[in-house]
Amino acid sequence: MMRSFLLVLLYPMMVLALYCAFLYAPREAVMGEVQRIFYFHFALGWLSFLAYFILFVFSVAYLATGVRRYDTWASASAEIGVIFSTLVLITGPLWAKPVWNTWWTWDPRLTTFLMLWLMYVAYLLLRANMEESDRKYRISAILGIIAFIDVPITFMSIRWWRSIHPVVITSKGMNLEREMKITMFVALGAFVVLYAVLLHLRVQQKDQEYRIGIGHGGLA
Amino acid sequence: MNFYLFTAYTLIWTVLFVYIVALHRKQNATESKLKERAEKRHAG
């Protein structure tokens with residue numbers, strides 16, 4: 001029921017997000033058309049942070065209570081977070097090449113985000129290579145909590161260190177035109193719904209897998 | 001359309017599509033196993 005509602009909401013929101021990104025938002029004066037990558041790149045980046053935050057919360061909950069279902073939510077969120085982070089790491093260089101004239105630079109934001117991605121990939125690999133047991137859930141939860149330390153570091157990296165990565169959200173507000181801001185929030189909303197749909201689906205699948213005893217590892 | 005813009009959005013949708021197809025296939029496999037198990041239980 002909940003998923004059907006979210007799916008009904010997802011389609012118009014994604015169409016609206018695409019409409020806003022390509023037609024509603026004005027052409028950026030300096031970067032031109034390539035700036036339109038930003039709207040989905042930003043949304044995917046924030047949703048990665050949200051997915052890792054959910055993973056962190058459920059990891060803490062698992063360690064505090066030992067309830068297996070919390071581990072299911074945590075691992076489902078990690079998987080979606082890695083998918084979204086991968087897309088951030090793909091769209092970022094595609095924007096950077098025409099704007100910075102390089103695909104990649106060891107900038108603080110890029111480096112900390114890559115570290116973040118590597119840690120959560122390690123989290124999934126670790127889970128995929130362990131037998132279903134309380135030990136697996138406990139180790140995963142500890143790794144999920146430790147890896148989350150990098151999320152605030154990644155967010156603050158462009159403020160703490162010298163970085164060439166654009167700063168959109170500053171203490172004075174947002175460095176964007178009104179239409180661009182609206183587009184950014186519409187894309188963010190669409191990806192929040194997509195995340196909720198995928199999380200709901202994945203948790204349900206992992207529960208089913210657990211019931212029939214085939215474990216609840218990754219997609220392999 | 002700009003090459004980089006086109007590539008970025010194409011890759012976003014391709015990765016999401018592949019992920020959703022993989023989930024769908026996994027769901028089918030799990031459901032058929034659940035069905036098989038229910039049938040065995042019913043027969044037994």
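The expected span of a helix is 1.5 Å times one less than its number of residues, and helices here are DSSP runs of H or I with at least four residues, strands being runs of E with at least two, numbered from the N terminus. Keep that rule handy for the first stops of the tour.

Before you click, two notes. What you have open is a predicted model, in which local features need pLDDT of at least 70, side-chain atom pairs count only at pLDDT 80 or more, and totals for chains, interfaces and linings use all residues. Residues are numbered from 1 along each chain as its sequence is written, while chains are lettered from A and ligands numbered from 1 in the order in which they are written.

**Stop 1: α4 of chain A**

Select residues 108-128 of chain A, which form α4. Its 21 residues at 1.5 Å each should span 30 Å, and the end C-alpha atoms are indeed 30 Å apart, so the two agree. Now colour the buried residues of α4(A), which include A:L110, A:F113, A:W117 and A:Y120, along with A:R109 and A:R127. Here "buried" means 20 or more other C-beta atoms within 10 Å of the residue's own, "exposed" means 12 or fewer, and "partly exposed" is in between, with C-beta atoms placed from the backbone. What do these buried residues pack against? Show α2, α3, α5 and α6 (150-160) of chain A, and you have their partners.

**Stop 2: α2 and α3 of chain A**

Go to α2(A), residues 37-65. With 29 residues at 1.5 Å each, α2(A) should span 42 Å, and its end C-alpha atoms agree at 42 Å apart. Just past this helix, click A:G66, where phi is positive at about 80°.

Next comes α3(A), residues 68-100. The 33 residues of α3(A) call for 48 Å, and the end C-alpha atoms are 46 Å apart, which agrees. A:N101 follows α3(A) and sits in the loop between α3 and α4 of chain A. Its phi is near 65°, a positive value in a residue other than glycine. Is A:N101 buried or exposed? A:N101 counts as exposed, because it has 8 C-beta neighbours inside 10 Å.

**Stop 3: the largest nonpolar core**

Which residues have the most contacts inside the largest nonpolar core? Pick A:Y39 and A:A187; the core around them has 61 residues. A nonpolar core is a set of buried Ala, Val, Leu, Ile, Met, Phe, Trp, Tyr and Cys residues joined through C-beta atoms within 7 Å. Helices that each supply at least two residues of this core include α1 (2-24) and α7 (178-211) of chain A, as well as α1 (3-43) of chain B. The most comes from α2(A), with 15 residues.

Stay on A:A187 for a moment. Setting aside neighbours within four places in sequence, A:A187 is in contact with A:A17, A:A21, A:Y39, A:F40 and A:A43. A contact means that the C-beta atoms, placed from the backbone, lie within 7 Å.

**Stop 4: over to chain B**

Show chain B by itself: one helix and zero strands. The C-alpha atoms fill a box of roughly 65 × 10 × 5 Å along the principal axes. Of the 44 residues in chain B, 11% are buried.

Bring chain A back. The contact between the chains takes 18 residues from chain B and 20 residues from chain A. On chain B's side, these are 11 nonpolar, four polar and three charged. Nonpolar covers Ala, Val, Leu, Ile, Met, Phe, Trp, Tyr, Cys and Pro; Asp, Glu, Lys and Arg are charged, and the others, Gly among them, are polar.

Now zoom in on α7(A) and α1(B), which pack at an angle of about 35° with their axes 10 Å apart. The axes are lines fitted to C-alpha atoms over the stretch in contact, and angles run from 0 to 180 degrees between N-to-C directions. Among the residues making this contact are A:L201 and A:Q205 of α7(A), and B:L23 and B:L34 of α1(B).

**Stop 5: two side trips**

Click A:S4 in helix α1 of chain A. A:S4 is exposed because only 9 other C-beta atoms lie within 10 Å.

Finish at A:K136, in helix α5 of chain A. A:K136 counts as partly exposed because it has 18 C-beta neighbours inside 10 Å. Not counting residues up to four places away in sequence, A:K136 touches A:R127, A:M130 and A:E131.

How values were computed: Two residues are in contact if their C-beta atoms, placed from the backbone, lie within 7 Å.
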